Amino acid sequence: MQSHSKSAHNKHTAKRRWLDTHEAGYHKSMGNRQIQMIAIGGSIGTGLFLGTGGRLEMAGPALALIYLVCGVFSFFILRALGELVLHRPTSGSFVSYAREFLGEKSSYVVGWMYFLNWAMTGIVDITAVALYMHYWGTFAEVPQWLFALCALGVVATMNMIGVKWFAEMEFWFALIKVAAISLFLIAGVVFLGIGTPLAGNTTGLHLITENRGMFPHGLLPALVLVQGVIFAFAGIELIGTAAGECREPEKMLPKAINNIILRIGLFYVGSVVLLVLLLPWNAYQAGQSPFVTFFSQLGVPYIGTIMNIVVLTAALSSLNSGLYSTGRILRSLSMGGSAPKFMAKMSIQQVPYAGILVTCSIYVIGVLLNYLVPSRVFEIVLNIASLGIISSWAFIIVCQMRLRKAIHAGHAKPVYFKMPGAPFTSWLTLAFLLAVVIMMAFDYPNGTWTIATIPVLAVLLVLGWFGLRKHAQEVKQDQQIHEAPGSH
C-alpha cells in the first residue's frame, strides 16, 4: 500500500516537472499595479456600461440582487482559481490545470471551448469599436471595416511587442473604466444626499416602492436575466493566465482576487442601487447607457461623447484581453498535443505570436462576416461563445476539487489561499452553472438554439481530436522522456 502511494506521488511529481517545462520562454515582468488593474478590468466591461440600461428595463430594481448573486459565484470561481494558481502559477491557466488533474482530453475540450468564446467575443468587440467610432459625425464617411482593422492592428502590435505593453495598455483601459464609474458613484451619492429632484422626481427609496417594488415584472424575468448577467463577468478568469507572467504571483494574486468581490459589489450592485434611487427604474432603456440617462438629466455637456469614449475603451480592453489570453491558451494546448505544433512558437520578445496571429486572422474573417450574416445569426454565435465561458469556469471548480484531493493524498503541497466553504461552495457553484445552462435552454429562440448546437460542437471537438493524433503522440513520447527516472 505504501509503495503504491509512493509510486503515485513520484508520478505526480514527474508530471509537474514536465508541465513546468511548458512555462519556458515567458518573461515574468508584470507588476502589482498592472495585475490589480487587469483584475478590475476583467470584471468591468460593456455589460455594465451599456447592458445595464436594458436589464433595468427588464428586471427593475431586482437587477441589483442578480448582480450580487452572480458576483458571489464569480468570487467563488476566482477563489478556486486562486487556489490553483498558488499551487502552480502558469500561463496555460485552467488548460494546464485540466491537463494535470483530469488528463489531456479535458485540457483539449476546455482550451478549445475557451478559444471559441474569445474568437466570437472578439468579432463582436471589433465590430463595436467601428460602430462607436461612427458615433462622431466626422467619421461618418469612413468605412466600418477600416476602423475595425485599425483597432485590431494597434492592439495586435502592442501584444506582439511584449507582455509589458499588453499590461500597460490594459492598465490604462481599466483606469478609464474605473474613473468613469467612480465619477458616477460620487455624483450619485451627492445628489441623493442633497435630495435635489431629477426630471421632476424626488430621489429616494420611494422610487422603488411606488413603482411596483423590487420585482416589477415578477420573479421569472429576473431569473431569466441571470444567464445574461453571468456573462457580464466574463473575463475575470484572465487573472489566472496573467499569473504565469507575474513577478510575484504568490504575493500579488490573493490580494487582487480578494479585491475583485469588493469592486463587483461597489461598481455593479452599488451602481444599480444608486440608479434606481435617483430615477424611476423605467426611465432607463435598452440601447442607452443608464449613466448617460442620469448625466443627461443634470445637463452635463458632451456626456454622450464622454460615455462613448468609455465604452470604446471597454471594447478595446476586451479585444486586448482576447488576444493576450488566446495566445497563451493556444500555446498551452499545443505543448500538450491538443493544438497544431506551430502554435507553440514564441518570438524573440517572449510572446506566443503564433496563437495571437491565429486569433487575429479569425477576427479579420469576423469583420467580413459582419456584412454577410444577419444580426440574429450573430446573436446566436455570441451565445455559443457563452458556452465556452461556462465550461471554463466549471473546469476551474473541478480542477480545484481534484487539487484538494491531491493535497489530501500527499501528492501536492497544501496552499494557504483557500476557497471559502469548499467543498460545499464548489458543488454549489457547479450547480449554479448547470442552472444557468438550463435557463439558457428556456430562453427561446436564441438560448434554445445555443443549447441545440452542443451536439454539433461535440462532433467538431471529436473530429479535431482525431486530427491532432500525430502531434499528440509526439508530445506523449516527450512526456515519457521527462518522466523517466533520472531525466531531471
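Which residues is Gln-34 in contact with, leaving aside its neighbours within four places in sequence? Select Gln-34 and find Ser-29, Lys-164, Ala-167, Glu-168 and Phe-171 around it, where contact means heavy atoms within 4.5 Å.

Before moving on, two notes. This is a predicted model, in which local features need pLDDT of at least 70 and side-chain atom pairs count only at pLDDT 80 or more, while totals for chains, interfaces and linings use all residues. Residues are numbered from 1 along each chain as its sequence is written, and side-chain values use heavy atoms, with hydrogens and water left out.

**Stop 1: helix H2**

Stay with Gln-34, which sits in helix H2, residues 32-43. Helices here are DSSP runs of H or I with at least four residues, numbered from the N terminus. Gln-34 has a relative accessible area of 4%, so it counts as buried (buried is under 20% relative accessible area, exposed over 50% and partly exposed in between, using a 1.4 Å probe and protein chains only).

**Stop 2: H5 against H18**

Now show residues 63-87 (H5) together with residues 424-442 (H18): the two helices pack at an angle of about 125°, their axes 10 Å apart. Axes are lines fitted to C-alpha atoms, for helices over the stretch in contact, with angles running from 0 to 180 degrees between N-to-C directions. Because of that angle, H5 is oblique to H18 (under 35 degrees is roughly parallel, over 145 roughly antiparallel, 65 to 115 roughly perpendicular, and the rest oblique). The crossing is left-handed, meaning that the near helix is turned anticlockwise from the far one by less than a right angle; clockwise would be right-handed.

For the contact itself, pick Val-69, Cys-70, Phe-73, Phe-76 and Ile-77 on H5, then Thr-425, Leu-428, Thr-429 and Phe-432 on H18. Colour by class and you get seven nonpolar, two polar and no charged residues. Here Ala, Val, Leu, Ile, Met, Phe, Trp, Tyr, Cys and Pro are nonpolar, Asp, Glu, Lys and Arg are charged, and the others, Gly among them, are polar.

**Stop 3: helix H6**

Next, select 93-101. Nine of the nine residues of H6 are buried, so this helix is largely enclosed by the rest of the structure. Among those buried residues are Arg-99 and Glu-100. Just after H6, check Gly-103, which takes a positive phi of about 105°.

**Stop 4: H7, Phe-115 and H20**

Phe-115 is in helix H7, residues 104-133, and is buried at 9% relative accessible area. Not counting residues up to four places away in sequence, Phe-115 touches Thr-326, Leu-330, Val-358, Thr-359 and Ile-362.

Add H20, residues 454-467: the axes of H7 and H20 come within 11 Å and cross at roughly 120°. That makes H7 oblique to H20, and this crossing is right-handed. On the H7 side, select Glu-104, Lys-105, Tyr-108, Val-109, Trp-112, Met-113 and Leu-116; they meet Leu-457, Leu-460, Leu-461, Gly-464 and Trp-465 of H20. By class, this contact has nine nonpolar, one polar and two charged residues.

**Last stop: the cysteines**

How many disulfides does the structure hold? Zero, with a disulfide taken as a pair of cysteine sulfur atoms within 2.5 Å. Try Cys-150: its nearest cysteine sulfur, that of Cys-360, is 14 Å away. Cys-150 is partly exposed, at 46% relative accessibility, whereas Cys-246 is buried, at 0%.
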